[in-house]
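Trainee: Could you walk me through some charged pairs here? I'd like to hear the reasoning behind each label.

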Amino acid sequence: MPFKFVHAADLHLDTPFRGVAAPGPLPGRFQESTFRALTRIVDLCLRERVAFLLLAGDLFDVKDRSVRARLALRRELARLDTAGIQSFIVHGNHDPLSGDTGTLGLPASVKVFGPDWEETDVVREGRHLCRVQGISYPDVEVREDLSSRFRRTGDGFSVGLLHANLGGAEGHANYAPCTAAGLGARGLDYWALGHVHTRAEHALPGGGVAVYPGNPQGRHAHESGERGCVLVEVEDGGTRRRFVPVDGVRWHKLELPLSGVGTLDGLVSTALEAVEARCASELDGHAVRLTLTGRGPLHRELARPGALAQVETDLRERLAQGHPPVLLESLRDGTRPELDVEALRAAGGFSRTLLDEARFLAESPEELARLWEQEALGSLGQRLKRLGVDVLATPRPEWVVGAGLHGAESLHEEDAS
């Protein structure tokens with residue numbers, strides 16, 4: 001019997017969005033965005049008439065979940081309950097079971113998995129659809145591979161619901177670490193994962209699939225682009241998966257080349273046009289980190305004390321008045337002076353020596369390693385390690401090339417001034 005379900009994770013309800021400062025309605029729209037994303041997930045479930053909803057951990061932003069967040073979750077799950085749609089929940093590191101006060105009940109159709117492995121049969125209209133297995137974090141830190149407790153118990157479609165770090169994904173605490181081989185060995189058809197906020201699918205040995213839907217609402221510039229959940233259609237033991245955006249406020253990282261832009265008003269109008277082209281009008285709002293790039297006459301103007309901050313203030317006020325409004329998270333200067341590197345090298349002098357030495361080091365791993373082993377740099381590396389800063393074994397070649405170019409640019413600017 002074909003059926004559908006929705007897989008979502010990492011709602012982080014009631015995220016505070018500290019540091020989001022802007023005039024007008026934007027702060028309120030950010031504050032409501034995680035709740036509105038949940039509402040859109042439930043709307044999708046109702047519209048598609050799914051059999052159930054899976055929520056793979058971190059429903060709340062903090063262990064001591066707010067009353068507002070708990071009430072919102074209950075209200076939305078009650079909408080599904082009224083429609084005869086079940087919900088399955090596991091808790092993760094942000095919302096472990098130890099943070100549940102037990103003072104708010106959920107509808108009878110909601111299954112919250114406890115700290116031990118459990119399996120539930122999903123039956124609809126008297127017919128068995130599938131099995132859902134799950135386990136929640138008892139407390140914040142779980143270092144055990146919880147997936148090892150899962151197992152296929154019979155024929156039919158089987159789902160594993162788990163908050164975990166598959167393959168040691170960077171940027172996320174290595175809680176409930178697991179591997180693709182380990183998941184595949186458990187024999188389940190679909191692993192509904194949470195914890196990693198970037199959407200991803202992993203084909204598993206044996207034919208199963210592990211899916212991260214990503215978080216449904218981006219919360220900072222490193223969570224840019226569309227955010228949402230996954231609609232899964234099951235037929236004949238296989239799945240068709242479709243990502244569905246549900247975010248109301250979207251984050252963007254934009255680079256704006258300034259080559260050919262010679263005036264400040266040209267910079268402002270170019271920036272406004274670029275942001276407007278990227279920011280969809282159907283959303284509640286947007287947030288943008290804008291980096292200026294390229295070489296041109298404005299580099300010297302932007303380098304003046306306070307100039308970049310003043311342009312940023314002007315752009316922030318203009319963007320906040322748009323429809324939908326846009327938060328300028330930051331304006332960053334990555335421009336370079338107008339500089340003909342080949343002409344500079346051909347002219348000789350110290351700039352040529354600096355550029356040639358940087359290129360030689362970048363193309364010679366042995367010399368680059370020898371440079372890093374010099375007493376002064378080695379001592380600096382040891383001091384950084386004591387401060388808890390990760391230090392590379394050797395510097396990257398592109399860094400050396402960039403340092404040479406930066407030095408040549410500085411010399412050029414001094415000569416021009």
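Mentor: Sure, start with arginine 289 and glutamate 329, whose side chains meet in a salt bridge at 2.9 Å, N to O. Keep in mind that this is a predicted model, where local features need pLDDT of at least 70, side-chain atom pairs count only at pLDDT 80 or more, and totals for chains, interfaces and linings use all residues. Residues are numbered from 1 along each chain as its sequence is written, and side-chain values use heavy atoms, with hydrogens and water left out.

Trainee: Why is the contact between arginine 289 and glutamate 329 called a salt bridge?

Mentor: The term asks for a side-chain nitrogen of Lys or Arg within 4 Å of a carboxyl oxygen of Asp or Glu. The N to O distance here is 2.9 Å, so the pair qualifies.

Trainee: What parts does the pair tie together?

Mentor: Arginine 289 lies in strand S16 (residues 285–293) and glutamate 329 in strand S17 (residues 326–333), so parts 40 residues apart in sequence are tied together. Strands (E, at least two residues) and helices (H or I, at least four) are DSSP runs, numbered from the N terminus.

Trainee: How do you know whether arginine 289 is buried or exposed?

Mentor: Buried means under 20% relative accessible area, exposed over 50%, and partly exposed in between (1.4 Å probe, protein chains only). Arginine 289 has 14%, so it is buried.

Trainee: And what makes glutamate 329 partly exposed?

Mentor: Its relative accessible area is 27%, so glutamate 329 falls in the in-between range.

Trainee: How many salt bridges does a search of the whole structure find?

Mentor: It finds 28.
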